[in-house]
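Reader: Can you walk me through this one? I am new to it and would like to start with where the chains meet.

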Amino acid sequence: MGEEVKLHGMWASPFSRRVELALKLKAIPYQYIEEDLSNKTPSLLRYNPVHKKVPVLVHNDKPVTESMVIIEYMDETWENNPFLPRDPYERAMARFYAKFIDDKLLPTLAKLGQTAGKEKEETIEEIHEQLKVLEDELKGKQFFGGQRIGYLDIVAMILVWLHLTGSITGQKVLSTEKFPLIYEWIERVMKMEVVNECLIPEEKRQDWIQLAQRAPKSASN
Amino acid sequence: MAEVKLLGTWPSPFYYRVVWVLKLKGIAYEFIEEDLNNKGPLLLQHNPVHKKIPVLIHSGKSICESMIILEYIQEIWPQNSLLPTDPYDRAIARFWIKFAEDKLPAIWMVFRTSGEEQKKAIRDSLKMLETTEEHALGDKTFFGGDKIDLVDIAFGQLSQWLQMVEDVTNVKLLDPSKFPRLQRWINNFKQVPIIKENLPDYQEMFAYFKALREMLLSSK
């Protein structure tokens, strides 16, 4: 077919892992290039001159950057297992909540590692309000995408990371009592092999926590 | 025919983005002005998550976030298309739309701040303008090529609101000799008939934002 797909990524980046999950969900064969963010490859700098960040998807030598832009591109290029719903209103909703996760939840989570005392309590309050928005979105659904895993589920994988790292740090931001639907969703997606393949491996989770606390958003989108 | 309502506030550049696209596609709509100091039940009902304008209400369903609204409009009313058809070209357009969303706020930080905070915002704004001129626009007439598209709409704030920020704060950001291509784009964009007919009156806008800045700085 002459299709060549490469992904420049980084193991600790949730944005990079999103694209990996998307590639696996559509069963697209790809070559993975692990970037050392302190020593970026010349290819990365050439493919993403504006931000110099991962992930970058390179399709037949043409680079696409920004994780959600990549995911929309993938949906338009490989039509199997669509991520976005067909209905324009449902699509707008998926994009809205994905933006909510990226613009609101992720920065608040990043802040958490850097706060203490009263500020930390307030940050946790804020996170709980944001998680409630997502809990409400799951009402009556198996996945954020409805019956099948979709666009918003891919972005929401951060909730799985939050759950896994919470068990290590003891920082229980996600509780089963407050967010039962999110918990059911986490259990449901963790039964999927492709999801597990894209999680941070157990032996690297401690490293990831330290990395996340030091430089939350420095190198990936 | 399904009805379209737009909740917005003069002179918000985000509200104007939606106005421009509705008019470019010839879509009739009802404008509902929101008082942001006294948010009405309609806004709270239709945008409970962010409580912000603009909100598009179409057949009773609400869509929020200006660029998400524009993608929705583009999908429901594809006439006078504002996105490329090729998926790769669309990906490039969406990259720049995200860039505009993420980096344009620097200009508003120049507007809202003073001192060291403002100096940082000025540096961020200049960096944003450099990247936009060099990488996003290049030698094209519009970001969309020969005609405007959603990327031009996303950067629309640079057309008049940027000048307002410069005049209100006495900070020059877009020096035409340093950014000749962007300056040319501003001139061309403001001449597009729909845009020209749908820009806030400059004097009124200036007065409004001048008062707003004074209030913001005095409350710090």
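**Where the chains meet**

Author: 27 residues of chain B are in contact with 24 residues of chain A, contact meaning heavy atoms within 4.5 Å. This is a predicted model, in which local features need pLDDT of at least 70 and side-chain atom pairs count only at pLDDT 80 or more, while totals for chains, interfaces and linings use all residues. Residues are numbered from 1 along each chain as its sequence is written, chains are lettered from A and ligands numbered from 1 in the order in which they are written, and side-chain values use heavy atoms, with hydrogens and water left out.

Reader: How much area is buried between chain B and chain A?

Author: About 2400 Å², with carbon and sulfur atoms giving 69% of that. Buried area is the accessible area (1.4 Å probe) that two parts lose on being put together, summed over both. In chain B, the residues that lose the most area to chain A are Ile68(B), Tyr88(B) and Phe95(B), together 26% of what that side buries.

Reader: And how many salt bridges across the interface of chain B and chain A?

Author: The rule finds 9 there; it asks for a side-chain nitrogen of Lys or Arg within 4 Å of a carboxyl oxygen of Asp or Glu. One of the pairs in the model is Lys98(B) with Glu66(A), at 3.8 Å from N to O.

Reader: Which elements of chain B give two or more residues to that side?

Author: They are strand E4 (61-64), helix H3 (66-76), helix H4 (87-103) and helix H6 (115-137) of chain B. Helices (H or I, at least four residues) and strands (E, at least two) are DSSP runs, numbered from the N terminus. H4(B) gives the most, with 12 residues. By type, the residues on the side of chain B that touches chain A are 13 nonpolar, 5 polar and 9 charged. Here Ala, Val, Leu, Ile, Met, Phe, Trp, Tyr, Cys and Pro count as nonpolar, Asp, Glu, Lys and Arg as charged, and the others, Gly among them, as polar.

Reader: Back to salt bridges. How many over all chains?

Author: The structure holds 34 over all chains. In one of them, Arg95(A) pairs with Glu75(B), and the closest N and O atoms are 3.2 Å apart.

Reader: Why does that pair join two chains?

Author: Because Arg95(A) lies in helix H4 (residues 88-112) of chain A, and Glu75(B) in helix H3 of chain B.

Reader: New topic. How many aromatic pairs?

Author: There are 22 over all chains. Rings of Phe, Tyr and Trp (its six-membered ring) pair if their centres lie within 6.5 Å; planes under 30 degrees apart count as stacked, over 60 as edge-to-face and the rest as tilted. The rings of Trp108(B) and Phe111(B) have centres 5.8 Å apart and planes at 75°, so this pair is edge-to-face. Trp108(B) and Phe111(B) are 3 residues apart in helix H5 (residues 105-112) of chain B, so about one helical turn separates them.

Reader: Where are the cis peptide bonds you can point to?

Author: One joins Val54(A) and Pro55(A), with omega about 0°. Pro55(A) is in the loop between helix H2 (42-47) and strand E3 (56-59) of chain A. Another runs from Ile53(B) to Pro54(B), with omega near 0°. Pro54(B) sits in the loop between helix H2 (41-46) and strand E3 (55-58) of chain B.

Reader: What is the phi of Ala27(A)?

Author: Positive, about 50°, although Ala27(A) is not a glycine. Ala27(A) is in the loop between helix H1 (14-25) and strand E2 (31-34) of chain A.
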